[in-house]
Amino acid sequence: MCTLEKRGDLFLLTLTGDDEHRFHPDTIASVLSLLEQAKSQSTRGSVLITTAHGKFFSNGFDLAWAQAAGSQTGAVNRMHQMVESFKPVIAALFDLPMPTIAALNGHAAASGLMFALSHDYVFMRNDRGVLYMSEVDLGLPLPDYFAAMFAAKIGTGIARRELLLSGKKIKGEEAVALGIVDSAAHDSVEGVVEATVSLGESLAAKKWNGEVYASIRKSLYPGLCAMLSLTAKIAASP
Ligand SMILES: CCCCCCCCCCCCC/C=C/C(=O)SCCNC(=O)CCNC(=O)[C@H](O)C(C)(C)COP(=O)(O)OP(=O)(O)OC[C@H]1O[C@@H](n2cnc3c(N)ncnc32)[C@H](O)[C@@H]1OP(=O)(O)O
């Protein structure tokens, strides 16, 4: 499942276990709860780092659970249930009053990649792990907030095409070249985690006002935040 550990100013959110870290409704609820916990405990200088165990960061929604519904209608309803329950997780990341960093230990596919790219920084390995938007191969349409996030965060039409319309399994070097991730400079999960902790500590030292940081972040993505029912306005202090 997942854990949240506090190391000084850093919150370390980890998808634990050696499985594919599929976003089953229970996993989605757990991740959301831990993000809400990080928000409630945030102070000036807080930073979130998200990673996972094993060869997957996350392989996306739990299709087996959807198909276990026993009928096509049931499967579709369960897919929609995951899509809707996942939306608050993405909203929580864009609303979090601290810098966020995803340390990709391995593969990130579909909603698992959506989760990764909803962080401010994304570091991946060079030797293992691919970014894969499998919807085009599976014949699944993109939910509106998925499309809005990718359109907001992936800078060029070519990169969006390669990621979302080619079924490509994009490795680290190409992901950096396409401007999808910040770094793919490490050949081990330890290297990626060390690099993200170092970045996190340098960001924490800024002791920024988290509410202002979150407000600036949300102001960069007005269309997506409207879909996520987020406002960039800072609540008037009492
Ligand atoms: C269901 C009913 C229909 C409903 C309709 C309703 C519609 C409404 C809802 C629509 C919802 C849309 C949004 C959907 C979101 C979702 O999340 S759906 C779930 C989607 N998830 C997936 O499709 C999973 C996709 N994942 C995969 O295909 C694979 O797991 C993978 C990511 C491609 C990994 O494959 P795997 O075989 O496990 O890879 P590995 O064995 O690790 O690696 C393969 C070889 O490649 C080598 N390698 C890996 N990385 C690297 C690298 N970076 N560099 C070099 N080499 C690498 C690795 O070593 C392996 O090599 P060998 O060992 O030699 O084989």
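Strand E5, which spans residues 100-104, is mostly covered in this structure, since five of its five residues are buried. The model is a predicted one, and the account below starts from this strand before it turns to the pocket, the cavity and a patch on the surface.

Both faces of E5 are covered, with Thr 100, Ala 102 and Leu 104 buried on one side and Ile 101 and Ala 103 buried on the other. The strand has a partner in E3 (residues 47-52), with which E5 pairs in the parallel sense over three bridges, and in this pairing Thr 50 stands opposite Ala 102. E5 is also joined to strand E7 (residues 121-125), again in a parallel arrangement, by four bridges, and here the bridge partner of Ala 102 is Val 122. Ala 102 thus has a named counterpart in E7, Val 122, as well as one in Thr 50.

The open and enclosed spaces of the model can be set side by side.

| Space | Volume | Elements giving at least two lining residues |
|---|---|---|
| Largest pocket | about 590 Å³ | H2 (63-67), H3 (72-95), H5 (135-138) |
| Largest cavity | about 50 Å³ | H9 (189-204), H10 (210-219) |

The largest pocket, with a volume of about 590 Å³, is lined by 25 residues, of which Phe 61, Leu 63, Met 79, Leu 138 and Leu 140 are the closest to its centre. Among the elements that contribute to this lining, helix H3 gives the largest share, namely six residues, while helices H2 and H5 each supply at least two.

A search of the whole structure finds one cavity of 30 Å³ or more, and the largest cavity has a volume of about 50 Å³. The residues that line the largest cavity include Thr 43, Gly 45 and Ser 46, together with Pro 97, Met 98 and Pro 99, and further along the chain Leu 203, Ala 204, Trp 208, Gly 210 and Tyr 213. Helices H9 and H10 are the elements that give two or more residues to this lining.

On the surface, Val 212, Ile 216, Leu 220 and Ile 234 make a nonpolar patch of about 350 Å². Ile 234 lies in the segment after helix H11 (222-227). What is the relative accessible area of Ile 234, and how is this residue classed? Its relative accessible area is 45%, so Ile 234 is partly exposed, and because a patch takes in residues with over 30% relative accessible area, Ile 234 at 45% meets that cut-off.

Definitions and conventions: Residues are numbered from 1 along each chain as its sequence is written. This is a predicted model: local features need pLDDT of at least 70, side-chain atom pairs count only at pLDDT 80 or more; totals for chains, interfaces and linings use all residues. Side-chain values use heavy atoms; hydrogens and water are left out. Patches are made of residues with over 30% relative accessible area and no salt bridge: like charges are joined within 9 Å, nonpolar side chains (Val, Leu, Ile, Met, Phe, Trp, Tyr) within 5 Å. Accessible areas come from the Shrake-Rupley method with a 1.4 Å probe; for residues, only the protein chains shown count as cover. A salt bridge is a side-chain nitrogen of Lys or Arg within 4 Å of a carboxyl oxygen of Asp or Glu. Buried means under 20% relative accessible area, exposed over 50%, partly exposed in between (1.4 Å probe, protein chains only). Two strands pair if DSSP finds at least two bridges between them. On a 1 Å grid over the protein atoms alone, a cavity is a set of points where a 1.4 Å probe fits but cannot get out, and a pocket is an open set with protein on both sides within 12 Å along at least five of seven lines; lining residues have an atom within 4 Å of a point. Grid points are joined across faces, edges and corners, and a volume is the space filled by probe spheres set on the points.
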